[in-house]
Amino acid sequence: MTDFSLDPRLSADTIALGDLALSSVLLLNDKRFPWFVLVPRLPGTSELTDLSPEDAARLMEETRLAVGVMQALAQPDKVNVGALGNVVAQLHVHVVGRFRSDPAWPGPVWGHGTREPYPAHAAAQLVERARGLFAAA
């Protein structure tokens, strides 16, 4: 998987958690919503249909894994999964923990309010917990 580079917008808005077999796992730096972003490390991919059948199956398994980690990490009422790519064309999958009490419920999280970065200490604790859950999964 050479020549891969993360879109600068994803890089600016996230904290790296680590890598799975296919995807880099990122934490969106927004304390309002627990939110992972999976980015397959394949240059030039923007659509799910750009993936080989094997990579598509791998991405689905990694998405399932991320949903399980999200459930263990945040215990949300619902986990939303989506691959939009309207702003960032690079293929990426959102795994968002949703709560009936969150500020956007029941509507979409996109475009709701202004992103609120985690305080440094809270981000460090969340990253450590998430990395541990991914490692154990």
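**Close-up 1. Arg98 and Asp102 touch side chain to side chain.** In this predicted model, the side chains of Arg98 and Asp102 make a polar contact at 2.7 Å. Arg98 sits in strand 5 and is buried, its relative accessible area being just 2%. Look beyond the sequence neighbours within four places and you'll find Arg98 in contact with two stretches of chain residues, among them Pro76, Asp77, Lys78 and Asn80, and also Ala104, Trp105, Pro106, Gly107, Pro108 and Val109.

**Close-up 2. Arg100 pairs up with Asp77.** Here the closest N and O atoms of the salt bridge are 3.4 Å apart. Arg100 belongs to the loop between strand 5 and helix 3, while Asp77 belongs to the loop between helix 2 and strand 4, so the salt bridge ties together parts 23 residues apart in sequence. Arg100 is exposed, at 56% relative accessible area, whereas Asp77 is partly exposed, at 40%.

**Close-up 3. Helix 2 shows its buried face.** Helix 2 takes in residues 53–74, 22 of them, and runs 31 Å from first C-alpha to last, close to the expected 32 Å. Its buried residues are Asp55, Leu59, Glu62, Thr63, Ala66, Val67, Val69, Met70 and Leu73. Down the helix axis these fall within an arc of 165°, so they line one face of helix 2. What do they pack against? The buried residues of helix 2 meet strand 2, strand 3, strand 4, strand 5 and helix 3. Flip to the face turned away from the buried side, and there are the exposed residues Pro53, Glu54 and Arg64. Just after the helix, Gln75 takes a positive phi of about 50°.

**Close-up 4. Strands 1 and 2 make a hairpin.** Strand 1 (residues 14–19) and strand 2 (residues 23–28) pair in the antiparallel sense, with five bridges between them. Three residues make the hairpin connection from strand 1 to strand 2. To get your bearings, find Ala16: its bridge partner in strand 2 is Leu26.

**Close-up 5. Two more arginines meet aspartates.** The model has eight salt bridges in total, and here are another couple. Arg41 and Asp19 meet through their side chains at 3.6 Å, N to O. This pair links distant parts of the chain: Arg41 is in the loop between strand 3 and helix 2, Asp19 is in strand 1, and 22 residues separate them. Arg41 counts as buried at 15% relative accessibility, but Asp19 counts as exposed at 53%. In the other salt bridge, the side chains of Arg32 and Asp30 come to 2.7 Å, N to O, and both Arg32 and Asp30 are buried.

How values were computed. Residues numbered from 1 in each chain as written. Predicted model: local features only at pLDDT ≥ 70, side-chain atom pairs only at ≥ 80, totals over all residues. Heavy atoms only, no water. Pairing = 2+ DSSP bridges. Helix = DSSP H or I, 4+ residues; strand = E, 2+ residues; numbered from the N terminus. Expected span 1.5 Å × (residues − 1). Buried < 20%, exposed > 50% of the residue type's maximum accessible area, 1.4 Å probe, protein only. Arc of directions from axis to C-beta. Contact = heavy atoms within 4.5 Å. Polar contact = N/O pair within 3.5 Å; in protein donor to acceptor, adjacent residues only side chain to side chain. Salt bridge = Lys/Arg side-chain N within 4 Å of Asp/Glu carboxyl O.
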